[in-house]
Amino acid sequence: MDDSTGIDLAPMLDFVLNLLIFFIITAVFLKEVGINVSRPNSSAAEKSESSSIVILIAADGEITIDHKVVDQRSVRAKIESLHAQKPDDPVVVAADPGSATGILVDVIDQVRQGGVMAVSIAPTKS
């Protein structure tokens, strides 16, 4: 009889199969977090700037809506009143690059709570 020894691949295949199952199961539970941003083309941008509600966020955190300085907590009320006057107008949030990201996110949340779902983000001119 020929007693040749060989490598038993069954444990390695079990291990690889377990890894495959683990990665498939964990991949199902992963969710991407982010904000959907739609960029208009140049002709749509020119059109929307003339008839949009513009919110400016300065580097020091000062928020300006309709050329008036507004407190961060009253953005939603101001947007609700402007949206009632102009229901078809989108909102453009122009944030200074030096402004805090938390203020930008809070302003966008308050705009959406105010009933406006068409929110665009634009940089301010330096």
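In what order do the elements of the protein run from the N terminus on? They run α-α-β-β-β-α-β-α-β, which gives four helices and five strands. Please keep in mind as you look around that this is a predicted model. The tour below starts with the overall picture, then visits the sheet, a buried residue, the salt bridges and a nonpolar patch on the surface.

**Overall picture**

- The protein has 126 residues, and buried residues make up 21% of them.
- About 9600 Å² of the protein is exposed, with carbon and sulfur atoms supplying 58% of that area.
- Among contacts with a separation of 6 or more, 72% are between residues 24 or more positions apart.

**The sheet and helix α3**

- Five strands form an open sheet in the order β3-β2-β1-β4-β5, and the pairing is mixed.
- At the edges are β3 (68–70) and β5 (119–123), each of which pairs on one side only.
- Neighbouring strands in this sheet are turned against each other by 30 degrees on average, direction ignored.
- Strand β2 (residues 63–65) pairs with β3 in the antiparallel sense, over three bridges; in this pairing, Val70 of β3 is the bridge partner of Ile63.
- Helix α3 packs on the sheet, where it touches β1 (53–57), β2 and β3. The direction of α3 makes about 15 degrees with that of β2.

**A buried residue: Val111**

- You will find Val111 in helix α4 (residues 101–113).
- Is Val111 buried or exposed? Val111 counts as buried, because its relative accessibility is 0% and the cut-off for buried is under 20%.
- Leaving aside residues up to four places away in sequence, Val111 touches Ile55, Val75, Ile79, Val91, Val116 and Val119.
- Two of these partners can be placed by their numbers: Ile55 falls within β1 (53–57), and Val119 falls within β5 (119–123).
- Val111 and Glu80 are 31 residues apart in sequence, while their C-alpha atoms are 8.1 Å apart in space.

**Salt bridges**

- How many salt bridges does the structure hold? There are two salt bridges.
- As background, side chains of opposite charge can pair when their charged atoms come close.
- One salt bridge joins the side chains of Asp71 and Arg73, at 2.9 Å from N to O. Arg73 is exposed, with a relative accessible area of 72%, whereas Asp71 is partly exposed at 39%.
- The other joins Glu80 and Arg76, whose closest N and O atoms are 3.3 Å apart. Both residues lie in helix α3 (residues 75–85), four residues apart, which is about one turn of the helix.
- Glu80 and Arg76 are each partly exposed, with relative accessible areas of 34% for Glu80 and 37% for Arg76.

**A nonpolar patch on the surface**

- Which residues make the nonpolar surface patch of about 970 Å²? The patch is made by Ile7, Leu9, Met12, Leu13, Phe15, Val16, Leu19, Phe22 and Phe23.
- One of these residues, Phe23, sits in helix α1 (residues 10–28).
- Phe23 counts as exposed because its relative accessibility is 52%, and exposed means over 50%.

Conventions:
Residues are numbered from 1 along each chain as its sequence is written. This is a predicted model: local features need pLDDT of at least 70, side-chain atom pairs count only at pLDDT 80 or more; totals for chains, interfaces and linings use all residues. Side-chain values use heavy atoms; hydrogens and water are left out. Patches are made of residues with over 30% relative accessible area and no salt bridge: like charges are joined within 9 Å, nonpolar side chains (Val, Leu, Ile, Met, Phe, Trp, Tyr) within 5 Å. Accessible areas come from the Shrake-Rupley method with a 1.4 Å probe; for residues, only the protein chains shown count as cover. A salt bridge is a side-chain nitrogen of Lys or Arg within 4 Å of a carboxyl oxygen of Asp or Glu. Helices (H or I, at least four residues) and strands (E, at least two) are DSSP runs, numbered from the N terminus. Buried means under 20% relative accessible area, exposed over 50%, partly exposed in between (1.4 Å probe, protein chains only). Two strands pair if DSSP finds at least two bridges between them. Axes are lines fitted to C-alpha atoms, for helices over the stretch in contact, and angles run from 0 to 180 degrees between N-to-C directions. Contact means heavy atoms within 4.5 Å.
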